[in-house]
Amino acid sequence: MTPAEEVSVGCRVLAAHGNADLIWGHLSRRDPDGKGTWLKSAGHGMEEITSDRVVRIDRNGTLLQGDGRVHLEYPIHTEIMAARPDVGAVVHSHAESAVAFAATGLPLHPVGHEGTLFWPPDIARFTRTGDLIRDRALGGEVAEALGDRNALLLHRHGLVTVGPDVPTAVMTAIFLEKACRMQLQVAAVGTAYDRSDEAEALAKRARCYAPAQLEAAWAYLVRGLPPTTAR
Ligand SMILES: [Zn+2]
């Protein structure tokens with residue numbers, strides 16, 4: 001698969017699993033030859049993304065390949081990749097459950113499997129602004145808030161997840177949306193709730209999300225993709 005094909009498949013998986021927001025939200029992949037970043041182009045929903053709707057850009061957002069428009073929030077991707085050589089793919093979405101959960105200010109606790117990927121310690125957060133991450137300085141601050149973690153809640157805005165490759169970054173976004181959604185359901189009941197302690201959470205993180213498990217889950221997600229709605 002080419003990098004553009006990887007981004008297009010990842011976008012369609014995200015759209016099918018809780019991370020769609022009309023034409024907003026995006027996925028990127030580091031160019032394997034070090035020639036910039038492959039990023040979903042602007043103007044289409046993630047479920048509409050084909051490989052010709054993926055562009056290659058440099059750190060300043062300059063278009064290097066492809067003829068689509070560049071998302072305003074490209075610095076989220078390019079600045080995280082500049083700060084984190086281990087990161088090969090970045091997701092940014094406006095997943096509703098993540099936005100709603102961030103607004104509660106509650107720590108994200110593992111009430112099911114998914115939360116163990118994000119706690120302990122509590123998930124990283126970016127609270128300085130809920131506005132668009134539209135320049136390199138803000139992108140750098142987001143990268144700093146992410147630190148060495150796999151995910152970040154952008155308060156009043158959305159989520160960011162990263163991974164060494166597209167499948168990991170995409171599945172981490174799906175798991176984060178689900179973890180947030182489940183804890184919102186629990187919080188709505190208003191009672192004390194059961195959750196993993198630190199030892200159980202760390203053991204489950206290793207067991208439930210081992211590489212072979214993630215590989216099989218990714219194959220399942222790709223098999224189940226609906227036909228592209230591109231037109
Ligand atoms: Zn955004």
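Student: Which residues coordinate the zinc ion?

Tutor: In this predicted model, the zinc ion is bound through OE of Glu73 and through NE2 of His92, His94 and His157, at 2.1 Å.

Student: How should the angles around the zinc ion be read, and what arrangement do the four donor atoms make?

Tutor: Ideal angles for four tetrahedral donors at a metal are 109.5 degrees. To count as tetrahedral, four donors need all angles between 85 and 135 degrees. Here the donor atoms subtend angles of 95 to 140°, so the arrangement around the zinc ion is irregular.

Student: How are the donor residues of the zinc ion spaced in sequence?

Tutor: The spacing is E-x18-H-x1-H-x62-H. Glu73 and His157 are 84 residues apart, and the pair links distant parts of the chain. Glu73 sits in the loop between β4 (63-65) and α2 (74-83), whereas His157 sits in the loop between β7 (151-154) and β8 (158-163).

Student: Are Glu73 and His157 buried or exposed?

Tutor: A residue counts as buried when its relative accessible area is under 20%. Glu73 has 4% and is therefore buried. His157 has 8%, so His157 is buried as well.

Student: Arg156 precedes His157 in the numbering. What is the phi of Arg156?

Tutor: Phi of Arg156 is near 65°, a positive value in a residue other than glycine. Arg156 is placed in the loop between β7 and β8. With a relative accessible area of 53%, Arg156 is exposed.

Student: Where does Leu22 lie, and what is the sign of its phi?

Tutor: Leu22 lies in the loop between α1 and β1 (26-30). Its phi is positive, about 50°, although Leu22 is not a glycine. The cut-off for exposed is over 50% relative accessible area; Leu22, at 62%, counts as exposed.

Student: Turning to the helices, how do α1 and α7 pack?

Tutor: Helix α7 (residues 211-223) packs against α1 at an angle of about 80°, and the two axes are 10 Å apart. Angles of 65 to 115 degrees count as roughly perpendicular, and α1 and α7 are therefore roughly perpendicular to each other.

Student: Which residues make that contact, and what are their classes?

Tutor: From α1 come Val9, Gly10 and Val13, and from α7 come Trp218, Leu221 and Val222. The contact of α1 with α7 has five nonpolar residues, one polar residue and no charged residues. Gly counts among the polar residues in this scheme.

Student: Which residues does Ala4 contact outside its sequence neighbours?

Tutor: Ala4 lies in helix α1, residues 3-16. Leaving aside neighbours within four places in sequence, Ala4 is in contact with Trp38, Ser51 and Val54. The C-alpha atoms of Ala4 and Asp52 are separated by 7.4 Å, although these residues are 48 apart along the chain. Ala4 has 7% relative accessibility and so counts as buried.

Student: Last, the peptide bonds: is the bond from Trp119 to Pro120 cis or trans?

Tutor: The bond from Trp119 to Pro120 is cis, with omega near 0°. A cis peptide bond also joins Pro120 and Pro121, where omega is about -10°.

Student: Where are Pro120 and Pro121 found?

Tutor: Pro120 is in the loop between α3 (96-104) and β6 (124-126). Pro121 is likewise in the loop between α3 and β6.

Notes. Predicted model: local features only at pLDDT ≥ 70, side-chain atom pairs only at ≥ 80, totals over all residues. Heavy atoms only, no water. Donors = N, O, S within 2.8 Å, 3.2 Å for Na, K, Ca; no water. Tetrahedral: all angles 85-135°; square planar, octahedral: opposite > 155°, others 65-115°. Helix = DSSP H or I, 4+ residues; strand = E, 2+ residues; numbered from the N terminus. Buried < 20%, exposed > 50% of the residue type's maximum accessible area, 1.4 Å probe, protein only. Contact = heavy atoms within 4.5 Å. Axes fitted to C-alpha atoms, helices over the stretch in contact; angles between N-to-C directions. Parallel < 35°, antiparallel > 145°, perpendicular 65-115°, else oblique.
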